[in-house]
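Here are some notes to read alongside the model, in the order I'd look at things. Open the viewer and click along as you go.

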Amino acid sequence: MSKPGALDLASGLGGKIDKEDVLSAVEKYEKYHVHYGGEEEERKANYTDMVNKYYDLVTSFYEFGWGESFHFAPRWKGESLRESIKRHEHFLALQLGLKPEQKVLDVGCGIGGPLREISRFSSTSITGLNNNEYQITRGKELNRVAGVDKTCEFVKADFMKMPFPDNTFDAVYAIEATCHAPDAYGCYKEIYRVLKPGQYFAAYEWCMTDSFDPNNSEHKKIKAEIEIGDGLPDIRLTGQCLEALKQAGFEVIWEKDLARNSPLPWYMPLDKSHFSLSTFRLTAVGRFITKNMVMALEFVGLAPRGSQRVQNFLAQAAEGLVEGGKKEIFTPMYFFLARKPLSGSQ
C-alpha cells in the first residue's frame, strides 16, 4: 500500500478537530508541556484530552513519513526500515506464541499497521483498542483495503478503563503505546484483568534508561522534547515498568532493552547525518521539504492554520529522540514478556 501524498497529509491534518479549531488545539496541547510551563501532574490528570489532541494533530504526519506502523525497530545491516518493522512485529507474535483463531488485544493500536500484519502472520483475530476517533476511522478503511475487516476490529475506549469482561483475551500486546498511560500500574492491571489466566502479555515500552540523570539539565531537556513531541504525560524508567508489572500480578518471563543490541541505531531514520532514498521523508532533506510544503499548504489554505506548529514540535521530538538514543538515556523498545498466573483473577 503506497504512502499518502501531500494532499492526503493536508486533508488529514487535524483529524476530527474542525479545521478552524486546529490552531487553538495546538496551543492547548503545547501548554500541557514543560517548554510552555506545563506540569507533569496536569498532563497526567488530563491525559485523555492531551493524547487525543496529539493524535488528531499528528496522525497525518506520521502516516506520511512512517507508513501504517508508527514504531521503531532494531535493524540489521542490509535490512530496510520497512523490513525491520515487520520483523519486530513478527517477533512479538512469536514471543506470545500466537495460534490460529486465538482472540488477541492490541492496546493502543494506532491506525492498525501492526494489527493487520500480526493478524495475517498468525491467523488470529485481533481487536485494536484506541481512544482516538480519527485513527479508528482511518484504521477501518485500511482494514477494508487489506481484506482483514472480518478478522480485525477496532474498539474506541480508554485503556485505563477497558469495556471488556474479565478473562476475555488469549493474548495481549502493546507496541510503544502504554507510554501514554498516566499510571503504568493502573494500565497493566486492566490488561491483567482482561487477559485469560495462564496467557501472555508482551510490550515494547518507551522508557528512560538507568543512564538517565534527572539532575542533568541536558538529560531533562531531551526528556521534555520527547514528551511534547510524542504526547507523553511522563517517561518512566525501565525499572518502574518492571515493578508495575509485578504489582499488577504478572510473572515476568523475560525483559530486555532491545535497543542495546541493534546492529544499526534504532534512531537512524531520524538522524540528520543519515540519508536514505527508501526513507527519504524522514531524512533531514525530506523533513526540510515537508516543512516547506506544509508552510505552502497552510499559506494557500489547503492545510489548517497551526499545521506548521505541529511540524515544529514533531521536529523537536526527532531531535530529542536522536540525542536520547545517542546518549543511551532513552529507549523506545524496552521489551518484556509477562504471564498471568493460572490462578490469576482480578
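1. Start with Arg138, whose side chain makes a salt bridge to Glu63, with the closest N and O atoms 2.7 Å apart. Arg138 belongs to helix 7 (residues 133–146) and Glu63 to helix 4 (residues 47–66), so this contact ties together parts of the chain that sit 75 residues apart in sequence. Keep in mind that you're looking at a predicted model. The two partners differ in how covered they are: Arg138 is partly exposed, at 25% relative accessibility, while Glu63 has 6% and counts as buried.

2. That pair has company, as the structure holds 21 salt bridges. Take Arg193 and Asp166, whose side chains meet with 2.9 Å from N to O. Here too, distant parts of the chain are linked: Arg193 is in helix 8 (residues 184–194) and Asp166 is in the loop between strand 3 (152–156) and strand 4, 27 residues apart. Arg193 is buried at 12% relative accessibility, whereas Asp166, at 32%, is partly exposed.

3. Now for a salt bridge inside one helix. Glu227 pairs with Lys223, and their closest N and O atoms are 2.6 Å apart. Why are these two separated by about one helical turn? Because they are four residues apart in helix 9 (residues 217–230). Glu227 is buried, with a relative accessibility of 2%, and Lys223 is buried as well, with 14%. The story goes on past the pair: salt bridges with shared partners join Arg43, Lys223, Glu227 and Asp234 into one network.

4. Next, find strand 1 (residues 103–107). Is it enclosed or open? Four of its five residues are buried, so strand 1 is largely enclosed by the rest of the structure. To get from strand 1 to strand 2, the chain passes through helix 6 (residues 113–122), and this β-α-β crossover is right-handed. Strands 1 and 2 run parallel and are joined by five bridges, with strand 2 covering residues 125–130.

5. Strand 1 also pairs with strand 4 (residues 169–175), again in the parallel sense, over three bridges. If you want to check the pairing residue by residue, try two spots. Val107 has Leu129 of strand 2 as its bridge partner, and Asp106 stands opposite Tyr173 in strand 4. While you're there, remember that in a regular strand the side chains alternate between the two faces of the sheet.

6. Just along the chain, have a look at Gly112, in the loop between strand 1 and helix 6. Its relative accessibility is 0%, so Gly112 counts as buried. Gly112 and Ile126 are 14 residues apart in sequence, and their C-alpha atoms are 9.9 Å apart in space.

7. How many disulfides does the structure hold? Zero. Cys109 is in none, and the nearest cysteine sulfur, that of Cys152, lies 10.0 Å away. Cys241 is worth a second glance: the nearest cysteine sulfur belongs to Cys207 at 3.6 Å, yet Cys241 is in no disulfide. A pair needs its sulfur atoms within 2.5 Å to count. Both Cys109, with a relative accessible area of 5%, and Cys241, with 0%, are buried.

8. Two residues have a backbone angle to check. Ser123 has a phi near 55 degrees, which is positive even though the residue isn't glycine. You'll find Ser123 in the loop between helix 6 and strand 2, where it is partly exposed, with a relative accessible area of 46%. Glu176 has a positive phi too, near 50 degrees, and is likewise a residue other than glycine. Glu176 sits in the loop between strand 4 and helix 8, and at 6% relative accessibility it is buried.

9. Finish on the surface. Which residues form a nonpolar patch there? They are Leu7, Phe299, Val300 and Leu302, with about 500 Å² of accessible area together. To locate Leu302, go to the loop between helix 11 (284–299) and helix 12 (307–326).

Conventions:
Residues are numbered from 1 along each chain as its sequence is written. This is a predicted model: local features need pLDDT of at least 70, side-chain atom pairs count only at pLDDT 80 or more; totals for chains, interfaces and linings use all residues. Side-chain values use heavy atoms; hydrogens and water are left out. Patches are made of residues with over 30% relative accessible area and no salt bridge: like charges are joined within 9 Å, nonpolar side chains (Val, Leu, Ile, Met, Phe, Trp, Tyr) within 5 Å. Accessible areas come from the Shrake-Rupley method with a 1.4 Å probe; for residues, only the protein chains shown count as cover. A salt bridge is a side-chain nitrogen of Lys or Arg within 4 Å of a carboxyl oxygen of Asp or Glu. Buried means under 20% relative accessible area, exposed over 50%, partly exposed in between (1.4 Å probe, protein chains only). Two strands pair if DSSP finds at least two bridges between them. A crossover is right-handed if, with the strands pointing away from the viewer, the path from the first strand over the helix to the second runs clockwise.
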